[in-house]
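Subject: Handover of a structure and findings

Dear colleague,

Please find below the structure that I am handing over to you. I would be grateful if you would keep it open while reading the notes that follow.

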Amino acid sequence: MITTIALLKAREGLSRDEFVDYYENRHVPLILGLAPAPALYTRNYLPETGSRGFPADFDVITHMKFADEDARGAWLSLVLAEGSGVAEDEARFLDRSRTRSWTVEEHSSAR
C-alpha cells in the first residue's frame with residue numbers, strides 16, 4: 001500500500017462547521033466523481049482553533065491509501081487533470097498556499 005498524508009488549511013473567513021460541510025458535501029463528491037475512491041480516504045478535522053491546546057497551521061489531516069504507486073499516479077492524473085475543476089473548488093474552501101502533502105511509510109500495531 002502507498003499512503004499519502006495531506007495537511008490542509010481552511011480558507012480565511014470560513015467557520016469550522018462551514019469548512020467541514022463544504023469538504024464533506026461538495027469537495028469529496030467532486031473528487032469521487034472524477035476518480036475511483038482510493039482504498040482509504042479519510043479526513044481528520046482538528047478542533048476549533050481556540051480548543052486545540054497547541055498551535056497548528058492546518059485544520060484537517062487527509063489520509064489516503066492506494067494499492068500501489070501506479071494506482072496513486074492514475075488517481076492523481078484524473079483528479080489534477082486540466083479542466084477537472086478541483087483547483088477551482090479547492091480555492092473556495094482551502095488556503096491552497098498552505099497545503100502540504102507527503103507519501104509516508106506507515107507502520108501499524110496489532111491489538
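Where does Ser 84 lie? The loop between helix 2 and helix 3 is the place to look for Ser 84. Before going further, please note that this is a predicted model.

**The loop residue**

Ser 84 has a relative accessible area of 14%. Because buried means under 20% relative accessible area, Ser 84 counts as buried. Leaving aside neighbours within four places in sequence, Ser 84 is in contact with Leu 30, Leu 34, Leu 78 and Val 79. The side chain of Ser 84 also reaches the backbone nitrogen of Val 86, at 3.2 Å.

**Salt bridges**

How many salt bridges does a search of the whole structure find? The search finds nine. Three of these pairs are described below.

In the pair formed by Arg 52 and Asp 59, the closest N and O atoms are 2.4 Å apart. Both Arg 52 and Asp 59 are buried. This pair also belongs to a wider arrangement, since a network of salt bridges links Lys 9, Arg 52 and Asp 59.

The second pair is in helix 2, which covers residues 69-79. Here Glu 69 forms a salt bridge with Arg 72, and the closest N and O atoms are 3.0 Å apart. Glu 69 and Arg 72 are three residues apart, about one turn of the helix. Are these two residues buried or partly exposed? Glu 69 is partly exposed, because its relative accessibility is 39%. Arg 72, in contrast, is buried, because its relative accessible area is 19%.

The third pair is in helix 3, which covers residues 86-93. A salt bridge joins the side chains of Asp 89 and Arg 92, at 3.3 Å from N to O. Why are Asp 89 and Arg 92 separated by about one helical turn? They are three residues apart in helix 3, and therefore about one helical turn lies between them. With a relative accessible area of 7%, Asp 89 is buried, whereas Arg 92 is partly exposed at 46%.

**Points to check in the viewer**

- Ser 84, in the loop between helix 2 and helix 3
- The network of Lys 9, Arg 52 and Asp 59
- Glu 69 and Arg 72, both in helix 2
- Asp 89 and Arg 92, both in helix 3

Yours sincerely,

A colleague

Terms used
Residues are numbered from 1 along each chain as its sequence is written. This is a predicted model: local features need pLDDT of at least 70, side-chain atom pairs count only at pLDDT 80 or more; totals for chains, interfaces and linings use all residues. Side-chain values use heavy atoms; hydrogens and water are left out. A salt bridge is a side-chain nitrogen of Lys or Arg within 4 Å of a carboxyl oxygen of Asp or Glu. Buried means under 20% relative accessible area, exposed over 50%, partly exposed in between (1.4 Å probe, protein chains only). Helices (H or I, at least four residues) and strands (E, at least two) are DSSP runs, numbered from the N terminus. A polar contact is a pair of N or O atoms within 3.5 Å; within protein, one must be able to donate a hydrogen and the other to accept it, and residues adjacent in sequence count only if both atoms are side-chain atoms. Contact means heavy atoms within 4.5 Å.
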